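Subject: Structure for your files

Hello,

Here is the structure I said I would pass on. Please look it over before reading my notes underneath.

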Amino acid sequence: MSGIEDPVDDLSVTPPKTWATGVPAVTHALEYALGQTSVRRTALTLLNINQAKGFDCPGCAWPEPQPGKRHLNEYCENGGKHIADEATSRRVTAGFFREHSIAELDTKSDYWLNQQGRLTEPMVKRPGATHYEPVGWDEAFGILAEELRSLASPDEALFYTSGRLNNEAAFLLQLFARAYGTNNLPDCSNMCHESSGSALGETLGIGKGSVSLDDIHEADLIFVVGQNPGTNHPRMLSALEETKRNGGQVVAVNTLPEAGLMRFKHPQKARGVIGRGTEIADQFLHIRAGGDLALFQALNLLLLEAEDEAPGNVLDHGFIASDTTGFEAFAEHARKTRWEDVLEATGLTREEIEEVHRRVLASRKVIVCWAMGLTQQKHGVPSIREIVNFLLMRGSIGRPGAGVCPVRGHSNVQGDRTMGVWERMPQEFLDALGREFSFTPPSHHGLDAVDSIRAMRDGRASFFLGVAGNFVRATPDSEVTEAALRRCRLTAQISTKLNRSHTVCGETALILPTLGRSDRDVQESGLQFYTVEDSMSEVHASRGRLAPASPHLLSEVAIISRLARRTLGDQPAIPWEEFERDYGTIRERISRVIPGFEEFNARVDRPGGFTLPNPVNEGVYPTPSGKAVFTRNAFTMLRAPEGHLILQTLRSHDQWNTVPYAMNDRYRGIHNARRVVLVNPVDLAALGLADRDLVDLVGLWEDGRERRAPAFRVVSYPTSPGSVAAYYPETNVLVPLDSVADISNCPTSKGVVVRLEPTAADG
């Protein structure tokens, strides 16, 4: 037995914190690291993480300062925990799988599964078997290749990846899938930032942010919308602290007060250790769930009215005329905004919104940052389009200190998309790929994550390969997703550690263990390095330093290359063996396929790498009109029937993506429990509930099927009225598969209508 106990909720609650980080963050990170591995191994990882000659943190995608400006400890608490989790000395061997059946493992918590340690050798569950058993790599590839060759259509296969994958492996994955004959390349972006890509692609012509770290530092005003930097990307707080010290201001927009946006204690500076730290948010807008669209519509109305009062002194008419289209139609639509609608949708007062407006008028350089609190709304795409309208009106796009900043919460999720991991890559990319490798990639669109689940559910897909992710726990409608995967003939997971996706199996299932980001990768040509792209389009190298967890591990590049060679043979003639032998040869091919990567090998060898060109910052908009686009977005708001509330799913502080590292959320004052629901005390009184009552969360959806997450403890908490919050993945079961954002098809995990039903066992 492993000796790791499966935790049971034993809730205790303390007052929420009013500041984040400081010495406790350092202490917690070190405690976790030393609980996973040795002092020497801990020191080796922490001194190399996010350094120019070290490895990139596998956690968030927040950029590092340029070499020479980086701290010796250029990581956050959660980054330190994440790399310690990967560098753990614990191992999962063949003996573990002999001892535990798949059915037993499926009863274990996500915490317990992760804590077992690193996977060490390939395993297979054969048809009808109850346990995984060891399998050689050659046989494993044979099983996979035989299944792929037996499918009636390449579109019966799905190739999923998360943002942990590096650029080189991502490029090979999409190349393999397309050479095989499908564009079925669902990825984690489909479930988090697809709304950003949809909105920005339509309005600016490029589906990524336009700002740099220097822009953050020199902005006059930064909006932080629907995100919690203190937990999800804590190094952003260092950047916001620099903004404040340079005279900039911050407006936080959230349904919950977040400690990091109140006050930040920088653990590497005296004021963060012995002082009060830095107050981050100059104004906090305690908005109702889904009210962001209405907020920016109100701000845009106020800007138009201010221009009426002082013609030529508010809007940037020169920029609007030269660089945009659609302004007149937008302005006519915006003037119809009704304050009664805005106040109902946002839950804010007119005075609060007008105070923000005054801050905007006093600022020339404005940035709007957002994350999943915005993208996972039903109307996430229109909300982001309205933010673009807001910035375009005053020319706050493409100038220093201004622009759009979608903050992605996973290391290389943006890089994966740049490399072609998308089910709808433009024809220009497909043509360039085909020219480089002398084949014709399929041109019809593939399946995204939600449509992939539907395809497995309906029997239209039967082969699932997951690379570097935990698909089962990252996706909505848990019961439907699990049943869909179990219908597959074959499921395979390329992973570093055990997770729930290994317990939800097809008829045949494979676990293919791979190197971690911190592991040394030695191939025939010598020591290799990978590259990644952060949220601000900076591409840099990542070099692992640790001895691999097992001699049986293969890199993701090696696994994909060998599988492709075994499946495709030499048709088309792609040099898979050469790619595995020397990753520089992959980068050479990337440089000839993807614009912006010219002389890739030479440029990435420089300390800090290089920044991809962003046409928006050059006044170029790759839209059909060649200009930035003002849009008209119909007013809408989330409404819950009487006796119901709007649920948003979120992470605890001790959590990375789907994996909890502990049962605590100390910034919110939650300890030793995860099955909790945070409810405003006014709503508790209206529902006749009391703090610590035990309730089932029951989802309401138009398909008439009840979705239930049982036995959650109510915690009285300052959520916005009508809004409640609970942790995922425990609440993913409540997110209907068909409840998706308009246009982007992103699951609406930030807008689930629920009722709180007293649990029968609790009386």
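The notes below cover the chain as a whole and then one helix pair.

This is a predicted model, in which local features need pLDDT of at least 70 and side-chain atom pairs count only at pLDDT 80 or more, while totals for chains, interfaces and linings use all residues. Residues are numbered from 1 along each chain as its sequence is written, and side-chain values use heavy atoms, with hydrogens and water left out.

The chain has 30 helices and 33 strands (DSSP runs numbered from the N terminus: H or I of at least four residues, E of at least two). Its C-alpha trace spans about 75 × 65 × 55 Å along the principal axes. The radius of gyration is 25 Å, which agrees with the value near 27 Å for a compact globule of 763 residues (taken over C-alpha atoms; the rule is 2.2 Å times the number of residues to the power 0.38). Of the 763 residues, 65% are buried (under 20% relative accessible area, 1.4 Å probe, protein chains only). Among contacts (heavy atoms within 4.5 Å) between residues at least 6 apart in sequence, 79% join residues at least 24 apart.

The helix pair is H8 (residues 167-180) and H26 (residues 556-568), whose axes come within 9 Å and cross at roughly 15°. The two are therefore roughly parallel (angles under 35 degrees, between N-to-C directions of lines fitted to C-alpha atoms over the stretch in contact). Residues making the contact include Leu172, Leu173 and Phe176 of H8 and Val557, Ile560 and Leu563 of H26.

Regards

Methods. Axes are lines fitted to C-alpha atoms, for helices over the stretch in contact, and angles run from 0 to 180 degrees between N-to-C directions. Angles under 35 degrees count as roughly parallel, over 145 as roughly antiparallel, 65 to 115 as roughly perpendicular and the rest as oblique. Buried means under 20% relative accessible area, exposed over 50%, partly exposed in between (1.4 Å probe, protein chains only).
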